[in-house]
Structure formats: C-alpha cells, structure tokens
Amino acid sequence: MPVPSCQLETDLPWGLVRYRVCGEGREVVFLHGMLGAGSQWNAVMGRLAEEFRCWALEMPGISFSDAPADLTLPGLTHWLQAALAALGVAPYALLGSSWGGEAALHFALHAAPERRPRRLVLAAPAHPCWQPTLGQRFLLRPLPARCGAWLGARAPAGWQRRLLARCYADATRI
C-alpha cells in the first residue's frame with residue numbers, strides 16, 4: 001500500500017498551503033474536519049493510490065496551512081479555489097468530512113463553474129445552517145485548533161470512544 005508523502009507546501013498570496021499527496025490517476029482531494037489534520041486520510045489514500053492521485057489538504061486556521069484573513073465559508077471557498085489552482089489539480093473529486101464536508105459543499109455550490117469538482121463525497125458533514133457557539137468559534141481559531149488536532153492525534157482510542165459515546169445514541173456503532 002503506497003504511503004502518502006510527507007507534508008509538502010506551496011505558496012498562496014497569503015501564505016503556505018500544506019498538503020500530502022500520493023498515487024497516480026484520476027485526482028481526489030480530501031478535506032479534514034475541525035480538530036483534524038490531513039494525515040487522518042493516510043489509510044484511505046494508501047488504499048486508493050493504486051488508481052487515484054490523492055491530495056490531503058491541511059485546512060487553514062484549523063490545521064497546518066497558513067490562514068487567510070477570511071475563514072468564513074466564502075473565504076474557505078476562495079482559499080480552496082486558489083489552492084487547487086496553485087497545485088494544478090483538475091479535474092477532480094472532492095471528499096470532505098465534518099467541517100471539511102461543509103467547506104466542500106459550499107465550494108461545490110459557489111466556486112467558479114470551471115473549478116467545481118466532478119464528484120462530491122460528504123462524510124458526516126457539518127450542518128449547512130450550523131452557527132458555531134462562542135466556544136466553537138474559539139476552537140476554530142488557529143492556535144486552539146492546532147493544539148486540539150495535535151492532542152486528538154495522540155489520544156488513546158478508548159478515550160476517543162468514550163468522548164464520542166456522549167454524541168451518539170448507540171455507542172456500539174463507534
């Protein structure tokens with residue numbers, strides 16, 4: 001199974017976009033959620049890399065890409081459009097989970113027609129009408145989000161299951 005490359009980066013007008021890439025073939029772009037990182041897609045990318053060129057982008061303000069001034073959904077649409085153009089990714093399928101799923105949906109609806117994905121896959125996206133609370137807005141800021149992503153990647157699986165069990169009616173499905 002191919003392993004995604006170490007973290008790479010390319011310049012955008014407001015800073016660096018960081019990403020991982022592996023494989024050859026049709027292109028698939030992965031967006032992670034809040035308190036996540038592009039490395040969460042490594043196992044999936046490794047399995048798909050025999051048929052697809054897989055790109056895991058580090059979301060700005062949440063993970064390791066430099067954040068533009070505007071981190072709203074329209075701002076993320078602009079960021080993603082610029083990142084894909086800078087990387088030369090086209091045509092492509094777009095897959096997003098959680099906040100990355102919401103950003104992917106907004107992008108598919110509002111990006112320039114020639115930049116829109118050919119396929120869109122949403123894995124448990126954030127609700128399109130979600131209005132973050134004050135605490136959630138704090139977690140969306142770069143430093144708390146990066147700290148949370150770092151801690152989440154190192155937390156034991158049992159701890160994550162206990163935390164998620166509070167969110168789901170049937171904890172056996174976690």
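## A walk through the fold

Of the 174 residues of the chain, 43% count as buried. The model is predicted. Its mean pLDDT is 84, and 79% of the residues reach 70 or more. Confidence varies along the chain. Strand E3, residues 26–31, has the highest mean, at 97. Helix H6, residues 157–165, has the lowest, at a mean of 66.

Start with the layout. The chain has six helices and six strands. From the N terminus on, the order is β-β-β-α-β-α-β-α-β-α-α-α. Contacts often reach far along the sequence. Among those with a separation of 6 or more, 66% join residues 24 or more positions apart. On the outside, the chain exposes about 9,700 Å². Carbon and sulfur atoms supply 59% of that area.

Now turn to helix H3, residues 99–110. Its 12 residues should span 16 Å at 1.5 Å a residue. The end C-alpha atoms are 16 Å apart, so the model agrees with the expected span. How many of the 12 residues of H3 are buried? Nine are, so the helix is largely enclosed by the rest of the structure. The buried residues begin with a run: Trp 99, Gly 100, Gly 101, Glu 102, Ala 103 and Ala 104. His 106, Phe 107 and Ala 108 complete the list. What do the buried residues of H3 pack against? Their partners are strand E3, helix H2 (73–87), strand E5 (92–98) and strand E6 (119–125).

Next come the aromatic rings. The structure holds two aromatic pairs. Tyr 19 and Trp 55 form one of them, with 5.5 Å from centre to centre. Their planes are 45 degrees apart, and the pair is tilted. This pair links distant parts of the chain. Tyr 19 sits in strand E2 (residues 15–22), while Trp 55 sits in strand E4 (residues 52–57). The two are 36 residues apart in the chain. Are these rings buried or exposed? Tyr 19 has a relative accessible area of 10%, so it counts as buried. Trp 55 is buried as well, at 6% relative accessibility.

Phe 30 and Trp 41 form an aromatic pair too. Their ring centres are 5.0 Å apart, with 35 degrees between the planes. This pair is also tilted. Phe 30 belongs to strand E3, and Trp 41 lies in the loop between E3 and helix H1 (42–48). These two residues are 11 residues apart, and their pair links distant parts of the chain. Both Phe 30 and Trp 41 are buried. Strand E3 thus appears twice in this tour: it holds Phe 30, and the buried residues of H3 pack against it.

Last, look at the cysteines. A search of the whole structure finds zero disulfides. Take Cys 22, whose nearest cysteine sulfur is that of Cys 54, 4.9 Å away. Why is there no bond between Cys 54 and Cys 22? Their sulfurs are too far apart for one, at 4.9 Å. A disulfide needs the two sulfur atoms within 2.5 Å. Both cysteines are covered by the rule for burial, which is under 20% relative accessible area. Cys 22 counts as buried because its relative accessibility is 6%. Cys 54 is buried too, with a relative accessible area of 0%.

Technical notes:
Residues are numbered from 1 along each chain as its sequence is written. This is a predicted model: local features need pLDDT of at least 70, side-chain atom pairs count only at pLDDT 80 or more; totals for chains, interfaces and linings use all residues. Side-chain values use heavy atoms; hydrogens and water are left out. pLDDT is the predictor's confidence in each residue, from 0 to 100. Helices (H or I, at least four residues) and strands (E, at least two) are DSSP runs, numbered from the N terminus. Rings of Phe, Tyr and Trp (its six-membered ring) pair if their centres lie within 6.5 Å; planes under 30 degrees apart count as stacked, over 60 as edge-to-face and the rest as tilted. Buried means under 20% relative accessible area, exposed over 50%, partly exposed in between (1.4 Å probe, protein chains only). Contact means heavy atoms within 4.5 Å. Accessible areas come from the Shrake-Rupley method with a 1.4 Å probe; for residues, only the protein chains shown count as cover. The expected span of a helix is 1.5 Å times one less than its number of residues.
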